[in-house]
Amino acid sequence: MGATTGQVTAVLGPTNTGKTHYAISRMLGHRTGVIGLPLRLLAREVYDRIVAQRGPSVVALVTGEERIVPDRTQYWVCTVEAMPLEIGADFVAIDEIQLCADPERGHVFTDRLLRARGLHETLFLGAETMRPVIAGLVKGVQFLKRERFSELTYTGSKKISRMPPRSAIVGFSVENVYAIAELIRRQKGGCAVVMGALSPRTRNAQVELYQNGDVDYLVATDAIGMGLNLDIKHIAFSATAKFDGRRMRGLYPQELAQIAGRAGRHTENGTFGVTGEARPFDDEVIEAIEGHRFTPVRKLQWRNSDLDFGTVERLVRSLEAPTSDEWLTRARDADDVVSLKALMDMPDIRDKLTGPKRVQLLWDVCRIPDFRSTSTSDHTSLLARIFEFLVGRGIGGGRVPSDFLAKAIARIDKTDGDIDAISKRLAYIRTWTYVAQRKGWVDDESHWRDETRAVEDRLSDALHARLTQRFVDRRTSVLLRRLKQKETLVAEVNDKGEVTVEGEFVGKLEGFRFRQDATGSTDEAKTLRQAAVQALRPEFHLRADRFYNAPDTEMDFTEQGGLMWGTTAVGKLVKGAEALRPAVEAFVDDEAGEEAAEKVRRRLQHFIDRKVAALFEPLAAMSRDEALTGLARGFAFRLVEGLGVLPRDVIANDVKELDQDARGALRKHGVRFGQFTIFLPSLLKPAPTRLRLVLWSLWNGLDEFPESPPPGLVTIPNMAEVPKQHYTLAGYHPANARAIRIDMLERLADLLRQKDSRAGFEATPDMLSITGMTLEQFSDLMGGLGYKGEKAERPKVKAAEPVPVALIDPAASNNPIPEEVSILAPPPSVEETSVEDAPAEMEVYYTFTWAPKPRNPRPERAPRPQQGERRERPTGDRPQGERPQAERPQGDRPKGDRPQGERRDRPQGDQKGDQRTGKPQGKGKYGKPDRDDKRNDKPRQFEARPQRPEKPIDPDNPFAVLAALKTKG
């Protein structure tokens, strides 16, 4: 249908000028013709009119969901998107050409304006505002102006109770339309309902109610403005703003005029106005509508139609190609482009795009409209499924399986339920009707086309019956009866969850709870809440369904036990029968109903049960292990109670009582017996730690839960107001100013066991690396672990000077070695080789010795025992983990084991052990002056202890094993 020398005419004018009737008569004057219409409803109406004149054998109807094409077709009635462009028809017409400026569908109308041509005649029908842009884009176009047959007058605001007969009330949401229809039914005896989402069969049945006089009122959406020819005398707007798919906005004057113009058909004058809480029109708007004078269209929505199917990337680039034409602007991404970009990012889909044919097939699939108006992800998933079916084993040679299609249609083919349920099924069947209309997509195409059409007809009849009986469900009727004089008070919810009543903000819908805004009076608040909650009930059920089917990845728990769906709180955790089996409390308003509340609660319980099972699987496996018996089973129970982390000093006796077999059985489940903590390393990861803190806080009834540290930190600040148990549960062990991670502490303990904690040792680079600390910070940490760090300075050791080659290999040097030089002598010392005046560079170092701090304040010191007496030792178990278990703290040695002052009497600098550790000389035990200095006047006392009985070696205690090895050596 390319450009030819045929005549191109733009028939422009307001509504009720007979433009469509003129186009039909011109088309029937040609041998063949195609007419494109903006709505499926209007296409069906025009099809019926032409069939009445020429018979069904020569007239085709082609829309997205309907395809009637006789063998001897001469005239094609189509939606603009479905127009055949290459059949070479004598006549082509495009209705409502001003939709070229529509943000959603404008690029399709613009494409037809630029490319669709009849061999002999082409007509563009639309508003006068299109004259400049058509003149600029279409060469040789002629204009034909049509005047309105009747006058249109503004009559101001009227209550619905005073609305004259043969009136149409216009709303911009399904809920608004249903509520107004119910109000009119109670006050006026009934009305018909017309919406764009209705099937042609339902719409025609509803229109028939109005046209034959059964009812005198019509409630409709803005779909009434697109060419529906009805006997209407007055148009009343219940609102002047609508949601355009992306945002709420006010209607433009030309859009108001398009709808208002449906009043006063042919030569009968019409009126228009507002009702309910809609604000009266401004004088400028009234004058523009009555005089049909509007701002001309300056830019048309355009998208490149010359597509490149070489690769999917090239296809996207061709779709996003810019235009340099001053009359055109590139359209924003429509639903088909959005779906294409989503699908091309799926690896499974991309792998199947092996050639241009498959890329084109993917594009055809992406053009399936989202009739269901579901989320983008749901629609994309359906498209991916259909594409995988169509790819099959060949290049696009597959089909949608008949059994799959039969099951999908069977789920939809139900006529029970309320208006919303049936309307939803109608939207769903439209998807499969569209698929069945595509050539080569299903087996036995005629069968599936008939089947989907039959289901649509049954649902349409059921919907018409529901609309005729009630128009809206009972809960909205009850609401409207309570509102009395505010009969048009209707609540709406936008995509942000904001609830408005007649355009006024009254609160927010957060998850499944309505948060009402502050209002002026108690009575007003009660009325507004009733209106909002009643209108929200369908939304509650829809949200509950979406939430129940949502994946776990969309849900999470907070560190205070809250349960989130995305960014919205939908419940909280509460104490259950066991620590690892928390219960849930759903945040659902009572008005949502018990069914919706129970569905939300069940879904939350499923989520947290699966989360606990996944993160604490090692504990669950250990509790189920029947091989664990006796002490091992009891110890496993303690670990489960502690959620996988237990301080060793709390269960020291239990650890001692475990034999080797019991420990081995527990180690099989990942239990590690650390020096400071008994734990399962896999449960120290961030996710189990975060959940452990929540579960423990729930079980212990805390009002405020401790928060888990950020992941990846080896040490964190040790705050005095935070209980030690909170740190343990978080996977950390407090030690003075910092708390160190449990697993890293055990690695540090492994290094400390290799050191002589009695004689003293220095920190190694490995120790500092494990903790990520400076030497000063490490000293503070060691103090918290029971070690004393003594700070000192010493000259920094420099790198040794290279030995002369002659000393290493005399033959390598020609100079003789002097007699006074001995090759066996040690290299000269640093003092001998350094320059006297150069100050020595000093370095700080720490010497660490075992010096645990008492857990409780020390009591007053008792009198020293006299000679022959023995000091009583405190009873009770020594805390585990306070010191390497293979060594005794020096402070525990009786004073009579060795003459005091022995170290003091040894000359300084002769202590061999100090040469190894670098410990400052002249000090006694732990680096403190010997107390013997203060007691030289007292006689020394000596004692001989009896030999201690030998204890069996604990194979789990590395210190005991080391001690045994030393003894054997």
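**Group meeting: a walk through the model**

The buried residues of helix α3 pack against strands β6 (91–94) and β7 (121–126), helix α4 (131–137), and strands β17 (300–302) and β18 (328–330). Hi everyone, that is my starting point today, and please keep in mind throughout that this is a predicted model.

So let's stay with α3 for a moment. This helix covers residues 106–115, and eight of its ten residues are buried, so the rest of the structure largely encloses it. If you want to find them on your screen, the buried ones are G106, H107, V108, F109, T110, D111, R112 and L113. As you can hear from that list, H107, D111 and R112 are among the buried residues.

Two of the strands I just mentioned, β6 and β7, bring us to a sheet. In what order do its eight strands run? The order is β4-β3-β5-β2-β6-β7-β1-β8, in an open sheet with mixed pairing. At the edges sit β4 (67–68) and β8 (142–145), each of which pairs on one side only. For those who like a reminder, strands of a sheet pair through backbone hydrogen bonds, either parallel or antiparallel. Here is one pairing to look at: β3 (residues 59–62) and β5 (residues 75–79) run parallel and are joined by four bridges. To locate one of these, pick V59, whose bridge partner in β5 is Y75.

Now let's jump along the chain to helix α26, residues 742–752. Eight of its eleven residues are buried, and the helix is mostly covered. The buried set is I742, M744, L745, E746, L748, A749, L751 and L752. Hold on to L748, please, since it comes back with my next residue.

That residue is T771, in helix α27 (residues 765–771). Is T771 buried or exposed? T771 has a relative accessible area of 2%, and since the cut-off for buried is under 20%, T771 is buried. Leaving aside residues up to four places away in sequence, T771 touches V714, T715, I740, L748, F778 and L781. There is L748 again, one of the buried residues of α26. The side chain of T771 also has a polar atom 3.3 Å from the backbone oxygen of L768.

Last topic: charges. How many salt bridges does the structure hold? The count is 45, and I have picked three to show you. In one, the side chains of R201 and D461 meet at 2.8 Å, N to O. This pair links distant parts of the chain, with R201 in helix α6 (residues 200–211) and D461 in helix α16 (residues 445–469), 260 residues apart. R201 is partly exposed at 41% relative accessibility, and D461 is partly exposed at 39%.

Next, E255 and R249 form a salt bridge through their side chains at 2.9 Å, N to O. Here E255 counts as partly exposed, with 21% relative accessibility, whereas R249, at 11%, counts as buried.

The remaining example is R515 with E510, at 3.6 Å, N to O. R515 is partly exposed, at 36% relative accessible area, and E510 is partly exposed too, at 35%. Beyond such pairs, R40, R44, D48, E66, R453 and E456 are joined into one network by salt bridges that share partners.

That's my tour, folks. Thanks for listening, and I'm happy to pull up any of these residues on the screen.

Conventions: Residues are numbered from 1 along each chain as its sequence is written. This is a predicted model: local features need pLDDT of at least 70, side-chain atom pairs count only at pLDDT 80 or more; totals for chains, interfaces and linings use all residues. Side-chain values use heavy atoms; hydrogens and water are left out. Buried means under 20% relative accessible area, exposed over 50%, partly exposed in between (1.4 Å probe, protein chains only). A polar contact is a pair of N or O atoms within 3.5 Å; within protein, one must be able to donate a hydrogen and the other to accept it, and residues adjacent in sequence count only if both atoms are side-chain atoms. Contact means heavy atoms within 4.5 Å. Two strands pair if DSSP finds at least two bridges between them. A salt bridge is a side-chain nitrogen of Lys or Arg within 4 Å of a carboxyl oxygen of Asp or Glu.
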